[in-house]
Amino acid sequence: MKIEVDFDRCQSNALCMQSAPSVFEVRDDGFLYILQDAPGEELRQSVEEAVANCPTQAISIQD
Amino acid sequence: MTGPGHQSKTVIVGASLAGLRCAASLRREGYEGEIVLLGNERHSPYQRPPLSKAVLTGRAPIERATLRSQVAPPFELRLGVEATALAAEDQVLTLDDRSSISYDHLVLTCGARPRHLAALPPSETVLYFRTLDDAVRLRTRVQESIGRLLVVGAGFIGSEVASSAREQNWQVTLVDLDARIMSRVLGEGASSIVEQRHRENGVDLRLSCSISEAEIDRDGENSRVSLSDGSTLDVDMIVVGIGVEANTEWLANSSLTLDNGVIVDANGRAEGVNNIYAAGDVASWFHPAYGRHLRFEHFESATNQAQKVAATIAGTDLSPLDELPFAWSDQHGSVIQFLGLSDPSYLERSLEFSDESPHGQSFGYYDDHGRCRAAVLIDQSAHLGEVKTTITQSLRSL
Ligand SMILES: Cc1cc2nc3c(=O)[nH]c(=O)nc-3n(C[C@H](O)[C@H](O)[C@H](O)COP(=O)(O)OP(=O)(O)OC[C@H]3O[C@@H](n4cnc5c(N)ncnc54)[C@H](O)[C@@H]3O)c2cc1C
Ligand code: SF4
């Protein structure tokens with residue numbers, strides 16, 4: 001699974017981090033960091049939850 | 001103008017969200033010509049949503065607002081320069097340094113600015129909040145000491161500034177003329193939740209209230225404001241958020257059609273003029289589903305419209321933009337999302353979701369045919385997708 005984040009849409013409110021903390025991290029500098037941009041299939045459900053939860057629809061799954 | 005050997009040139013006026021987004025999207029759509037992005041602010045293009053939120057509370061550094069899109073050359077970013085006149089028949093813009101610039105395509109992304117109240121001219125004490133400089137000024141003020149803030153207008157900006165100042169322990173009074181908060185987009189149920197959030201978090205919310213008299217101490221500290229409810233407030237700072245108006249004055253003598261913004265079609269093309277487009281807060285965009293021109297003042301539409309204009313110029317996608325209006329706001333730790341176009345005549349109904357969502361509450365707004373036309377989600381962003389589908393379907397059936 002390949003993840004893409006549109007950083008100019010991202011508002012760093014860390015909702016994705018609650019769904020998939022091993023993939024998304026909002027650090028103290030206020031920016032979102034992608035910890036792994038091609039996580040394994042076992043994370044699909046939590047990443048899909050993060051996609052749905054993102055208030056600005058900044059995250060997409062490429063495959 | 002386009003002859004053999006002539007490289008196409010696109011000039012974009014307004015170097016903010018829509019402007020940068022358009023430039024970056026032009027390249028993504030395969031446009032190879034020259035792109036000039038010019039703007040009258042001195043900062044690199046930045047986005048505004050964090051200004052009233054994390055930047056103001058200090059949770060994020062100022063750099064957080066900077067936009068990150070990159071534009072491949074040939075690209076020129078010209079900051080601190082203002083377009084002052086347009087001669088559409090010659091395809092030339094005049095700039096405030098008396099120079100001029102010609103174009104093959106012109107994109108207007110010059111946005112909007114706060115509407116002013118005659119009784120409250122801008123000063124050290126009275127701030128019309130819009131720019132990064134405004135945010136830095138207020139942030140510095142709010143963080144150096146605790147004080148008393150009066151916020152005039154309980155819309156998006158006013159509510160967020162009130163929330164952020166409370167987070168910094170400022171004493172905050174929020175006044176609005178309306179009897180209900182955001183009554184143009186929210187029904188009674190949603191308004192009362194948003195009002196309650198303000199009150200629970202210590203905001204002194206005064207509805208059906210206006211300013212009857214203001215004695216402003218220009219250097220701050222001792223300003224006194226009388227309100228229509230008969231009370232008097234001593235305040236250190238006043239922030240006004242009573243709406244914005246499109247930056248179109250400089251286009252008054254051009255051949256463009258202006259009516260609450262630059263009138264453009266569903267692809268962003270200006271009416272009756274070749275090769276001029278508009279996107280974002282300055283654009284009054286024809287919306288096919290609603291059958292009329294609408295000027296949105298939100299992040300999502302600025303992004304979508306800018307991308308659409310890029311595709312129109314590149315010739316890669318000539319389908320009309322048919323977006324569902326969307327906006328969000330962060331207040332007192334809540335995420336509020338708005339979908340569709342609401343109308344006070346719609347019936348408000350609480351939305352129930354199949355799974356138990358313990359937090360938050362959502363409402364749908366139904367027309368007299370029972371179609372869900374708009375919705376507000378309070379701390380229920382996980383359901384955004386399904387609500388979007390419902391409203392999109394009801395728009396298709398109009
Ligand atoms: C504090 C704040 C918080 C916000 N929060 C949210 C939010 O949470 N969610 C949401 O959906 N929306 C939010 N918005 C709205 C969103 O920021 C705007 O919709 C967006 O900025 C519009 O982008 P734009 O590029 O069209 O216009 P603008 O951002 O207004 O940019 C226009 C630019 O053009 C420049 N310009 C104007 N005239 C000229 C000229 N003649 N020559 C050169 N340059 C010129 C201006 O100075 C400005 O830099 C917020 C807005 C503010 C102010
Ligand atoms: S939920 Fe969306 S906006 Fe929030 S931090 Fe994650 S990607 Fe960014």
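**Exercise 1.** List the buried residues of helix α1 of chain B (buried means under 20% relative accessible area with a 1.4 Å probe, protein chains only).

*Solution.* The buried residues of α1(B) are B:L17, B:A18, B:G19, B:L20, B:R21, B:C22, B:A23, B:A24, B:S25, B:L26 and B:R27. The model is predicted, local features need pLDDT of at least 70, and side-chain atom pairs count only at pLDDT 80 or more. Residues are numbered from 1 along each chain as its sequence is written, and chains are lettered from A in the order in which they are written.

Next, take the helix as a whole: 11 of its 12 residues are buried, so α1(B) is largely enclosed by the rest of the structure. Then look for the cover, where contact means heavy atoms within 4.5 Å. It includes β1 (9-13), β2 (34-39), β3 (75-79), β7 (105-108) and α6 (299-314) of chain B.

**Exercise 2.** Compare the reach of α1(B) with its expected span.

*Solution.* The expected span is 1.5 Å times one less than the number of residues. Helix α1(B) covers residues 17-28 and reaches 16 Å from its first C-alpha to its last, close to the 16 Å expected. After the helix comes B:G30, with a positive phi near 90°.

**Exercise 3.** Describe the sheet that contains β4, β5 and β6 of chain B.

*Solution.* The 3 strands form an open, antiparallel sheet in the order β4-β5-β6; two strands pair if DSSP finds at least two bridges between them. At the edges are β4 (83-87) and β6 (100-102) of chain B, each pairing on one side only. The twist averages 25° from one strand to the next. Between β4(B) and β5 (residues 92-95) of chain B there are 4 bridges, and B:A83 stands opposite B:L95 in β5(B).

How values were computed
Heavy atoms only, no water. Helix = DSSP H or I, 4+ residues; strand = E, 2+ residues; numbered from the N terminus. Axes fitted to C-alpha atoms, helices over the stretch in contact; angles between N-to-C directions. Buried < 20%, exposed > 50% of the residue type's maximum accessible area, 1.4 Å probe, protein only.
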